[in-house]
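Here are some exercises to work through with the model open beside you. Try each task on your own before you read its solution.

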Amino acid sequence: MICQHCGKNPATTHIKRIVNGELSEIALCGDCARKLGYNGFFGDWGLQLGNLLGGFLEEEPEQQQELRCKGCGCTFDEIARTGRVGCAQCYQTFRQRLSPMIQRIHGNTSHRGKSPLKAQLTLRPQSAMQVVQEESSPLEEKQKLLREAVEKQNFELAAVLRDEIKALKEGKHHE
Amino acid sequence: MNEMKKWYEKSGAEGDVVISTRVRLARNLRGVPFPSHLDDSRKKRVLEAIHEAVIGPNSLFSGFFMWIPVASLSRTAAVSLVERHLASPEFISHPEGRALLLSRDESISVMINEEDHIRIQVLQEGLSLKQAWKTASRLDDALNERLSFAFDEHLGYLTQYPTDLGTGMRASLMLHLPALEESGIINRTASNLSKLGLSLRSASGEGGEENGCLYQLSNRVTLGLSEEEALSNLETISMQLLRQERGAREKLMQRIETQDTVARSLGILQTARLLGTREFMKLLSNVRLGVSSGFLKGIAPETLNRLSVLGQPATLRLPSGQEELPGMEQELLRVGLVRKTLSGA
Ligand SMILES: [Zn+2]
Ligand SMILES: [Zn+2]
């Protein structure tokens with residue numbers, strides 16, 4: 001398929017877009033897609049990824065392409081063709097071949113941001129105070145706090161409160 | 001009709017240039033292939049797991065989020081979600097096995113089974129990166145309490161596209177840059193920003209063809225930088241861009257031709273009997289320039305934010321319940337909305 005914008009290069013990507021209130025699709029080459037600002041949901045690298053991976057693919061000996069990921073059944077060939085990784089386990093399975101590509105995108109570096117929760121949330125001192133101070137009707141009070149927490153989008157506190165309410169209802173709550 | 005104001009009905013910090021802030025987080029469930037490698041029945045199981053965590057009987061969100069299966073939506077309603085920046089065109093193009101979680105003020109949405117299992121999005125008016133991140137991160141924690149996420153110590157959160165590895169976070173600002181666009185230096189600016197790890201691109205890719213001088217400025221680097229570092233980098237550089245735009249606006253608004261264009265644009269918005277999408281967005285952009293520079297008085301910036309979202313084609317015809325609307329009727333509806341909104345009714 002030929003790029004619908006320049007009519008010259010082969011189209012490498014199909015862009016979904018909204019035109020005057022309707023969903024439509026346009027086939028573009030990487031250059032035109034970037035020029036027109038029709039980028040993937042998360043940025044413009046997704047578009048180049050197929051090409052980037054494709055470059056690596058050509059250098060690969062044939063028999064290595066037979067390796068399939070146990071998590072999703074993908075071969076490296078499929079990842080390269082679509083620019084998409086099949087599952088989290090692919091990053092292990094094809095580590096050697098994905099690493100140079102990841103380095104080319106991000107540089108030789110590793111993760112420095114947040115990590116998934118290690119343990120169950122514990123009650124923070126501040127919310128513990130709020131809860132402890134209310135001695136009269138703990139269940140009602142906590143339900144009220146929960147509503148407020150959800151309204152304020154304080155989901156951490158809400159999670160703690162919800163568990164306490166559940167415990168109270170089940171009669172497992174020990175003071 | 002609703003006392004709760006939507007994010008696009010408000011105006012926030014640095015609102016003369018920054019229309020809105022958006023923070024998105026990509027997360028995937030551990031041990032489940034990414035959505036494009038799931039058939040409909042396995043996608044359904046992912047939906048059920050997340051539904052249970054978020055909407056189920058023990059959930060703290062049940063009153064907070066609406067659960068919207070994409071397949072249950074009319075075409076118009078689905079497109080309107082994109083026009084309101086709540087979902088991507090890709091998301092609504094394959095409705096089966098996908099659902100959207102949406103907070104009632106439309107500031108928080110979660111796309112389920114788009115390119116990743118979970119894509120959290122927080123939208124806020126004006127410049128509000130830290131607040132938007134805080135909200136997104138809290139929701140991430142709350143979901144993580146029930147669901148375990150694919151993560152690697154070195155690669156961070158594991159995502160379908162290797163470009164999102166690490167924090168899985170894209171923060172972006174929707175900017176109105178009429179003066180930089182007019183001066184013709186926007187392409188050079190974009191390529192300079194790209195060297196700094198940011199991307200500046202026309203906002204047209206998501207909402208429609210005519211962008212009305214709207215641009216998205218976002219972070220590109222997700223691996224090797226913490227979320228806070230990426231956000232403060234984005235904020236610092238955006239403040240420089242804001243100064244440039246404001247400087248250029250001042251000069252631009254001194255020109256009698258610009259003043260004429262701005263004044264006429266308001267006149268046309270107020271008196272036109274038909275308004276096409278493209279013309280409407282252009283006029284709105286001109287009026288926004290006039291309002292933000294103090295040249296036009298008596299129009300609140302939030303009025304313009306509201307119009308630019310509610311005046312989009314599918315969102316306009318949504319209340320009529322009709323899937324198709326002849327061009328002229330759509331334009332008449334738009335004229336009605338514009339007049340009502342500008343007169344403050
Ligand atoms: Zn092309
Ligand atoms: Zn795999």
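## Exercise 1: A salt bridge between chains

B:D140 is buried, with a relative accessible area of 1%. This is a predicted model. Task: find which residue forms a salt bridge with B:D140, and where the two partners lie.

Solution.

Step 1. Look for the partner. A:K114 forms the salt bridge with B:D140, and the closest N and O atoms are 2.8 Å apart.

Step 2. Place both ends. The pair crosses between chains: A:K114 sits in the loop between α5 and α6 (125-133) of chain A, while B:D140 belongs to helix α4 (residues 129-146) of chain B.

Step 3. Check the burial of the lysine. The cut-off for buried is under 20% relative accessible area. A:K114 has 15% relative accessibility, so A:K114 counts as buried.

## Exercise 2: The interface as a whole

Task: describe the contact between chain A and chain B, starting with how many residues of each chain are in contact.

Solution.

Step 1. Count the residues. On chain A, 59 residues are in contact with 83 residues of chain B.

Step 2. Look at the area. The two chains bury about 6000 Å² between them, and 59% of it is on carbon and sulfur atoms.

Step 3. Turn to the charged pairs. There are 8 salt bridges between chain A and chain B, and the structure holds 26 over all chains. One of those between the chains joins B:R75 to A:E22, with the closest N and O atoms 3.2 Å apart.

Step 4. Add the polar contacts. Across this interface, 18 residue pairs are in polar contact, both residues being at pLDDT 80 or more.

Step 5. Ask which elements supply the side of chain A that touches chain B. At least two residues each come from β1 (13-19), β2 (22-28), α2, α4, α5 (95-106), α7 and α8 (155-169) of chain A. The largest share, 7 residues, comes from α8(A).

## Exercise 3: The zinc site

Task: work out which residues are the protein donors of the zinc ion (ligand 2), and what arrangement their atoms form.

Solution.

Step 1. List the donors. They are the SG atoms of A:C69, A:C72, A:C87 and A:C90, lying 2.3 to 2.4 Å from the zinc ion.

Step 2. Read the spacing. In sequence, the donor residues follow the pattern C-x2-C-x14-C-x2-C.

Step 3. See what is linked. A:C69 and A:C87 connect distant parts of the chain, 18 residues apart: A:C69 is in the loop between α2 (45-59) and α3 (76-82) of chain A, and A:C87 is in the loop between α3 and α4 (90-93).

Step 4. Judge the angles. Four donors count as tetrahedral if all angles lie between 85 and 135 degrees. The 4 donor atoms here subtend angles of 96 to 123 degrees, so the arrangement is tetrahedral. For comparison, the ideal angle for four tetrahedral donors is 109.5 degrees.

Step 5. Check exposure. A:C69 is buried, with a relative accessible area of 3%, and A:C87 is buried with a value of 3%.

## Exercise 4: Salt bridges within chain B

Task: for the salt bridges B:E9 to B:R306 and B:R119 to B:D164, find where the partners lie and whether they are buried or partly exposed.

Solution.

Step 1. Start with B:E9 and B:R306, whose side chains meet at 2.9 Å, N to O. B:E9 is in the segment before β1 of chain B and B:R306 is in helix α11 (residues 301-310), 297 residues apart.

Step 2. Compare their exposure. B:E9 is buried at 16% relative accessible area, whereas B:R306 is partly exposed at 28%.

Step 3. Move to B:R119 and B:D164, where the N to O distance is 3.8 Å. B:R119 lies in strand β5 (residues 118-125) of chain B, and B:D164 in the loop between β7 (156-157) and β8 (169-176), 45 residues apart.

Step 4. Check these two in turn. B:R119 counts as buried at 2% relative accessibility, and B:D164 counts as buried at 1%.

Step 5. Widen the view. Salt bridges that share partners join B:E114, B:D116, B:R119, B:D164 and B:R170 into one network.

Methods:
Residues are numbered from 1 along each chain as its sequence is written. Chains are lettered from A and ligands numbered from 1 in the order in which they are written. This is a predicted model: local features need pLDDT of at least 70, side-chain atom pairs count only at pLDDT 80 or more; totals for chains, interfaces and linings use all residues. Side-chain values use heavy atoms; hydrogens and water are left out. Donors are N, O and S atoms within 2.8 Å of the metal (3.2 Å for Na, K and Ca); water is not among the atoms, so sites may look incomplete. Four donors count as tetrahedral if all angles lie between 85 and 135 degrees; four count as square planar and six as octahedral if opposite donors are over 155 degrees apart and all others between 65 and 115; anything else is irregular. Helices (H or I, at least four residues) and strands (E, at least two) are DSSP runs, numbered from the N terminus. Buried means under 20% relative accessible area, exposed over 50%, partly exposed in between (1.4 Å probe, protein chains only). Contact means heavy atoms within 4.5 Å. Buried area is the accessible area (1.4 Å probe) that two parts lose on being put together, summed over both. A salt bridge is a side-chain nitrogen of Lys or Arg within 4 Å of a carboxyl oxygen of Asp or Glu. A polar contact is a pair of N or O atoms within 3.5 Å; within protein, one must be able to donate a hydrogen and the other to accept it, and residues adjacent in sequence count only if both atoms are side-chain atoms.
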